[in-house]
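Here's a walk through the fold, from the whole chain down to a few residues. Have the model open while you read.

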Amino acid sequence: MASVLPPEPPQRLVRALGPDHPWLAGLPALSQRLLEQWELTPERTVLPGGRTSVVVLVRQADGSPAALKLCAPSGAGARAEAAALARWDGLGAVRSLRSDTAAGALLLERLHGEVSLRSLPEDKAMLESSSAVRRLWVPPEAGGFAFTTVAEHTGAEVERVLGRAPDDVRPLVDAALAVRDELLADAPEGVLLHGDFRQGAVLASDADRSPWLAVGPEPLVGEPAFDLARLARDRLHDLVASPGAAAATRRRVQRLADSLDVDRDRLRGWALYRAVESGVRHVLAGDREDGELLLEFAAWL
C-alpha cells in the first residue's frame, strides 16, 4: 500500500514546526505503518492542513469512510484529544473510532471538512456555534485523564509569550495579565473545554445525532467563558471592516455571553487576555499585521 502523503509535508505544518523537525522526517513511515496496521485505504491528504497535525481521508476495511489524524508532538497531544473525545462520546464532537496515542494517531469518523460554520451567514453561524459549544461543557470524568487547567495553560503562555512582549505593547499586556489574575482568583468550578473553539472548528456532519460537530480540540478544564473568548473574535477581519467596529465588538461579546448564560465581564476579560496573547504571539513570529489587528480588538474591549 503506497503512502498517501505528498512528497513534501503540508506547508502550513512545516512553517509551524520548522522544516528540520524530526517528526516531519518520520511522517511517511508512520502513516504507512498505521495504514497497514488498521487496514486503511488512503484517499487523499487534507490540504492545506493544520499547524499541529496531518489528516488523511481513508476507507476502512469494510469500505466505510474515516479520517486518520496524525498529531505532531508540539500540539495539544493525542492523549488529551483522545480522552476528551471519549468523554464527549460524540455529543457535540466528532467521534473517535480508535487510537494509538503513543504514535499520536487518531482514527475519526469522517465529517465534511470543506464545510464549517464559517460557510453560514454570521448570525446563523453564531447561533449554531453556541448550540455546539454548550454540549461540550461537561464535568471531566472523576479519576480520569488529568487535563491541563486554564490556570496551567495560561501560566505557560505568560512565561513563553507575554514575558517576551515588545515594549510598545506592554500597557495592553499588563492589562491582560491583571485581568487573568482576577479571573483565576475567583474562577467557578471547571468543566471540560474545547480549548480552541471557533466557527472553523465545527464541521458539517451526516451523523443522525447532529448536523454540526466540533473537531480539533485542545482540551482544558476551566470556566466556559474561556472557551467563548476565542469565538468572540471570529471573522475578525470582517468585524474590523464594519462601521463602528469597537461598539460592534462590545455588543457581540454581550450577546454571546447572554446567549449562553455566561457572565459578561468574565467573557470580556478572557476575550481581552486571549486576544493579547494571540496578538503578541503573532508579532513575535513576524506576523505584525495580524498581531496588531488582534491587539486592536483587545483594546476595544
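Of the 301 residues in this protein, 50% count as buried, with buried meaning under 20% relative accessible area, exposed over 50%, and partly exposed in between (1.4 Å probe, protein chains only). Keep in mind that this is a predicted model: local features need pLDDT of at least 70, side-chain atom pairs count only at pLDDT 80 or more, and totals for chains, interfaces and linings use all residues. Residues are numbered from 1 along each chain as its sequence is written, and side-chain values use heavy atoms, with hydrogens and water left out.

**Overall build**

The protein has 12 helices and 10 strands; these are DSSP runs numbered from the N terminus, with at least four residues for a helix (H or I) and at least two for a strand (E). Its radius of gyration is 19 Å, close to the 19 Å that the globule rule gives for 301 residues, so the protein is as compact as a globular protein of that length. That radius is taken over C-alpha atoms, and the rule is 2.2 Å times the number of residues to the power 0.38. Along its principal axes, the C-alpha trace spans about 55 × 45 × 40 Å. Among contacts (heavy atoms within 4.5 Å) between residues at least 6 apart in sequence, 69% join residues at least 24 apart.

**The two sheets**

Five strands make an open antiparallel sheet in the order E1-E2-E3-E5-E4, where two strands pair if DSSP finds at least two bridges between them. Strand E1 (41-45) and strand E4 (96-100) sit at the edges with a single partner strand each, so one side of each has no neighbour in the sheet. Neighbouring strands here are turned by 25° against each other on average, direction ignored. E4 and E5 (residues 105-109) pair over four bridges, and Ser99 stands opposite Leu106 in E5.

Helix H3 (residues 27-37) packs on this sheet, touching E1, E2, E3, E4 and E5, and its direction makes about 145° with that of E3. Helix H4 (residues 78-88) lies across E3, E4 and E5, running at about 30° to E5. For these angles, axes are lines fitted to C-alpha atoms (for helices, over the stretch in contact), and values run from 0 to 180 degrees between N-to-C directions.

The other open sheet has three strands in the order E6-E8-E9, again with antiparallel pairing. Its edge strands are E6 (112-116) and E9 (212-214), and neighbouring strands are turned by 55° on average, direction ignored. E8 and E9 pair over three bridges; Val202 has Ala214 in E9 as its bridge partner.

**Aromatic pairs**

The structure holds three aromatic pairs. Rings of Phe, Tyr and Trp (its six-membered ring) pair if their centres lie within 6.5 Å; planes under 30 degrees apart count as stacked, over 60 as edge-to-face and the rest as tilted. Two of them are edge-to-face:

| Pair | Centre to centre | Angle between planes |
|---|---|---|
| Phe145 and Phe147 | 4.9 Å | 65° |
| Trp270 and Tyr273 | 5.7 Å | 90° |

Phe145 is partly exposed at 28% relative accessibility, whereas Phe147 is buried at 11%. Trp270 and Tyr273 are both buried and lie three residues apart in helix H11 (residues 264-284), about one turn of the helix. Ring pairs link these two with Phe226 into a cluster.

**A glycine in a loop**

What does Gly195 touch, not counting residues up to four places away in sequence? Its contacts are Glu218, Leu220, Asp227 and Arg274. Gly195 lies in the loop between strand E7 (191-193) and strand E8 (202-204), and counts as buried at 6% relative accessibility.
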